Amino acid sequence: MKCARCLLQLQCLRLVGQSARSAAQRGALLQSASSSQPNALLSTPHQALRGFHGSPAHAKGRPVPAEFIDDDDDEKKRDKSLVAHDDLFERVAKEVKTKATFNKVVDVFIKRDVRRRGHVEFIYAALKKMPEFGVERDLVVYNRLLDVFPKEVFVPRNYIQQMFNHYPRQQECGVQVLEQMENYGIMPNVETKVLLVQIFGEKGHPTRKYQRIMYWFPKFKHVNPFPVPQQLPEDPVDLARFSLTRIANDRDAKVTVHQLPCTDVTESGEQITQPHIVGIQSPSQVELLAKHNPSRPVFVEGPFPLWLRKKCVHYYVLRADPTPPDEKVEEPFDPERCLDYPLQLELDLDRDLGDEESFDVEDLDEGPVFAMCMTGRGDQAVLNQWISGLQENNPILGQVPTLFRLEAGPRELQGAADTESAHYHHHHGPEPETQKEERQPQEEEVTVEEEPRTSQRMKR
Amino acid sequence: MMNVNRIVSKSVQIGQRLLARDTRHAGKEVARLQQRRSIRTHSRNLAYAKDLFLGQVNKAEVFPYPEIGNEEVDELNQLVAPVEKFFNEEVDSAKIDREAEIPPETLNGLKELGLFGIMVPEEYGGLGLSNTVYARLAEITSLDGSIAVTLAAHQAIGLKGILIAGNEAQKQKYLPKLSSGEHIAAFCLTEPGSGSDAASIQTRATLSEDGKHYLINGSKFWISNGDMADVMTVFARTEVVVDGVKKDKISAFIVERAFGGVTSGKLEDKLGIRGSHTCEVSFDNVPVPVENVIGEVGGGFKVAMNILNSGRFSMGSSSAGMIKKLIELTAEYAATRKQFNKSLGEFGMIQEKFALMSVNAFVMESMAYLTAGMMDRPGLPDCSLEAAMVKVFSSEGGWICVSEALQILGGLGYTKNYPYERYVRDCRILPIFEGTNEILRMYIALTGMQYAGKELTGKIKEMKKGNIGMALGMVGKKLRSSLGSPADLGLTGKDGVVHPSLAESSKKFEQNVGLFGSTVESLLYRYGKTIVDEQLVLKRVADVLINLYAMTAVLSRTSRSISIGLRNHDHEVLLANTFCSDAFFKNNYWMTQLQKHSPENNDANIKKIAREVLENRAYVCSHPLERTY
């Protein structure tokens with residue numbers, strides 16, 4: 001019942017919508033097709049009416065003027081070859097491939113033949129061409145494609161037809177349209193359903209496919225707790241801001257733009273491009289860093305890749321090795337801490353095993369991460385700027401030796417020699433030369449050891 | 001161990017009887033005794049509420065209901081009449097609320113009545129009254145929330161430090177002026193970043209170079225009377241050397257505004273108790289002479305705890321006073337207002353509200369005066385647990401009753417033409433100040449758990465080791481209790497202390513206590529010392545204990561009333577039985593929830609909901625009108 005009402009409503013809607021839309025679209029098409037005005041006026045109401053009486057018999061009764069379809073001689077010739085429909089697309093959209101031209105092609109096809117001869121081939125070709133025209137995510141276009149199928153012809157009329165694969169090629173093609181929609185994550189709407197029911201009937205394979213899609217898609221639509229927007233921000237600073245908050249996953253974390261991208265022209269006429277530097281740090285990270293033992297170095301590591309849909313960005317982290325167990329100091333319990341109630345009980349009783357709800361997890365101390373950043377150019381000088389920026393809130397960074405352990409970034413793939421030179425030391429505070437030299441071999445060792453860990457992280 | 005306990009309690013019992021006789025015959029002397037009370041060093045092992053955790057009723061502590069001598073009663077009546085008259089005639093609460101200011105003449109009137117030094121001994125110019133009388137006066141002062149809070153900030157916490165931990169010189173110097181109301185006191189503990197957490201107190205006192213002064217720097221928040229106080233008890237961090245190691249410890253100081261460097265901020269605009277002044281107080285290099293340290297340097301934590309613990313008991317009688325007043329007002333309305341040719345009081349749902357208010361007021365009163373009476377006993381009885389229970393019960397009961405009273409009037413009650421909305425606003429502070437109810441519940445439950453844990457550790461360890469004899473004994477005990485021989489703790493029967501007309505209620509109480517004892521034991525068995533982190537469990541433990549203490553108080557009070565034939569004691573029996581049976585079922589439900597794998601217990605879900613909401617920092621669900629297709 002409900003479905004029937006929907007069908008009716010939609011048809012009415014479509015009637016209005018289509019007549020308006022098609023008037024515009026077809027107007028354009030007609031102009032290019034250089035057909036006469038009266039014909040155009042004639043064809044529009046015909047199109048609109050089809051929504052109500054979709055039977056081929058009815059359509060037969062109204063012959064479409066011949067000159068409308070056979071506007072081009074070339075077309076007719078090529079129609080006979082197998083690649084005809086691909087070509088149709090190529091020809092119509094010679095210069096620009098847009099939604100409008102795609103629609104134009106579909107219109108041309110629809111109007112060429114009342115019987116829609118070769119519609120299956122046409123639809124397959126159209127499906128293939130959709131990404132080229134940038135309409136692969138457009139529900140309206142998919143519905144228009146389905147509209148190419150003649151209505152009511154393929155609806156099984158008795159149970160035997162229903163049992164067997166009635167018009168298998170057509171049904172397969174219909175399923176294919178839905179499959180492509182599914183692959184692009186396009187959710188069909190009620191109009192799709194109305195079309196499918198008109199074309200293949202209530203129990204056709206495409207209609208069932210539609211039902212399955214409608215069962216799963218809504219359930220999966222918001223299943224990702226960390227959705228990536230369809231349109232990523234264009235501005236690298238905005239993109240960095242988005243990516244960093246995404247990795248940090250801490251609502252208190254504060255993003256700081258240490259440097260905006262800009263281009264300076266020096267006196268000698270050289271152009272110097274300053275890359276953007278965007279960092280993120282949360283209050284708890286500030287706290288952790290403040291407690292860091294200044295005699296142990298902190299590391300700047302990276303770049304690590306982060307994929308956002310089809311885009312890959314890279315980030316850098318400031319981290320330290322885990323505190324060795326002998327250096328860990330537990331805060332002594334202060335019985336005079338809470339004014340109102342005892343924070344600990346002086347009892348010699350532990351929790352019963354039967355009430356132990358925690359799992360036995362082997363904790364591996366990975367060492368703290370103090371901050372993260374993204375930059376347009378991941379060389380040491382730039383990252384150094386980031387570290388100095390961080391010093392504003394983390395004065396301890398002035399005393400802690402900072403080691404840069406940069407791997408060959410995406411831009412430095414060609415120069416293997418550069419990679420080696422990237423591993424070197426940096427101290428913020430002045431330090432005697434001898435000490436620096438002492439540290440050198442040790443640091444290289446560390447770098448080698450680090451390799452598996454970083455590669456592991458990259459896999460994640 | 002048990003025997004020793006029993007002997008101690010026996011001797012205490014005898015001592016009490018003797019003293020009780022004293023009280024009746026020589027009221028005056030008792031007052032003097034109480035003044036000397038603070039000098040006594042011997043501390044009695046008073047542990048009524050704690051013993052409940054072991055499933056024991058220390059009936060000598062709470063039966064018979066404490067009373068005051070005839071002379072004291074006369075004195076009290078003489079005192080109460082003028083105070084009551086003053087509050088009825090001179091105090092314009094609506095105006096105080098509207099203008100957020102207690103007029104000076106009202107304050108002067110209060111000073112003349114001596115209400116600024118109710119508990120200060122007479123030798124220091126106060127009235128030198130007992131806790132019981134203080135509670136009685138609190139009933140009247142609570143009719144105006146602003147005045148009650150101003151007075152409480154002055155004497156229940158403000159000058160309490162000097163009174164209980166100050167030395168003779170400090171008392172001589174400060175108490176006379178404070179008790180006359182010439183000087184007003186304030187208690188400065190809370191800081192922007194520190195409520196109950198003493199470790200985050202930032203205010204610092206540093207010894208000057210000549211060693212004669214401490215310089216106090218820092219600021220304190222939400223100080224009642226902060227703008228008008230002349231003498232303040234200030235808690236600050238000081239450097240103390242313990243075992244050769246320098247450490248920061250809290251010390252308490254008496255700071256006069258006259259020392260200089262004390263500034264108070266803008267008055268807070270509050271929901272209720274608008275006439276009381278609350279503001280920030282800042283200390284900028286305030287020089288405080290070393291002799292103004294209360295107690296020892298570094299001993300401020302204990303001082304603060306004692307002050308806080310001793311100030312809470314009076315909230316029971318305050319709430320009761322307020323509810324009694326509201327019952328009068330609303331009963332008048334319910335009797336006269338007609339709907340459908342019936343007076344409002346004939347409708348069941350309205351009747352329920354009156355019953356609720358009466359039961360609550362009755363229970364609060366009983367608890368408050370039982371606790372006050374216990375505190376008035378010689379020695380330094382530690383009634384902090386009981387006082388905390390009174391505070392939690394009465395602040396929550398008060399809130400419910402006040403809002404029900406407003407409900408009786410419906411829309412009228414919501415307008416400013418009637419005092420109900422003011423009472424609702426004033427009342428809202430009760431569960432918040434003097435230790436929030438959440439924190440007090442932790443205190444109540446954990447103190448008891450600590451006590452019970454010390455007693456039971458050995459037994460539980462034996463059980464865990466698999467001592468078969470012990471286990472069998474437990475099984476036998478469980479069987480016996482389940483086979484319908486309910487715990488008999490001797491409240492009724494031959495040596496009974498409860499009047500026979502309350503036998504039913506008393507049995508229910510005993511049954512609850514027995515079950516509570518075994519519940520505590522199983523909780524200790526299950527959680528051990530990690531029970532500190534099980535706040536939802538502790539909350540139920542505290543709630544059950546509060547109900548048990550409330551049941552004790554009503555049983556004891558009503559038994560006394562019947563025995564001495566007080567007017568309308570049959571109504572008391574009715575209230576007592578109603579409350580006890582209500583509390584009995586609630587307790588049973590809570591204790592069922594505390595069982596392992598109890599289907600009634602929703603704690604895991606509750607925690608999960610909260611965790612998800614807090615992760616999201618907002619309501620999690622999508623809007624019901626949203627759609628995905």
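Modeller: Ground rule: contact means heavy atoms within 4.5 Å. This is a predicted model, where local features need pLDDT of at least 70 and side-chain atom pairs count only at pLDDT 80 or more, while totals for chains, interfaces and linings use all residues. Residues are numbered from 1 along each chain as its sequence is written, chains are lettered from A and ligands numbered from 1 in the order written, and side-chain values use heavy atoms, with hydrogens and water left out.

Colleague: Leaving aside neighbours within four places in sequence, what is B:M551 in contact with?

Modeller: B:M551 sits in helix α21 of chain B, residues 535-564 (helices are DSSP runs of H or I, at least four residues, numbered from the N terminus). Leaving aside those sequence neighbours, B:M551 is in contact with B:K508, B:F509, B:N512, B:F579, B:C580, B:A583, B:F584 and B:N587.

Colleague: And is B:M551 buried or exposed?

Modeller: The cut-offs are under 20% relative accessible area for buried, over 50% for exposed and partly exposed in between (1.4 Å probe, protein chains only). B:M551 comes out at 0%, so call it buried.

Colleague: Which three residues of chain B supply the most area against chain A?

Modeller: The contact takes 42 residues from chain B and 27 from chain A. Together the chains bury about 3300 Å², 54% of it on carbon and sulfur atoms (buried area being the accessible area, 1.4 Å probe, that two parts lose on being put together, summed over both). Of chain B's share, 19% comes from three residues, more than from any other three: B:F301, B:K529 and B:T628.

Colleague: How many salt bridges are there between chain B and chain A?

Modeller: A salt bridge needs a side-chain nitrogen of Lys or Arg within 4 Å of a carboxyl oxygen of Asp or Glu. The side chains of B:R526 and A:D355 meet in one, at 3.0 Å, N to O. Between chain B and chain A, the count is nine.

Colleague: Let's do rings: what kind of aromatic pair do A:F89 and A:F122 form?

Modeller: Phe, Tyr and Trp rings (six-membered ring for Trp) pair if their centres lie within 6.5 Å; planes under 30 degrees apart count as stacked, over 60 as edge-to-face and the rest as tilted. The whole structure holds 23 such pairs over all chains. For A:F89 and A:F122, with centres 5.7 Å apart and planes at 10 degrees, the pair is stacked.

Colleague: B:F584 and B:F585 pair edge-to-face; which of the two counts as exposed?

Modeller: Their centres are 5.2 Å apart, with 65 degrees between the planes. B:F584 has a relative accessible area of 7%, so that one is buried. At 51%, the exposed one is B:F585.

Technical notes: Helices (H or I, at least four residues) and strands (E, at least two) are DSSP runs, numbered from the N terminus.
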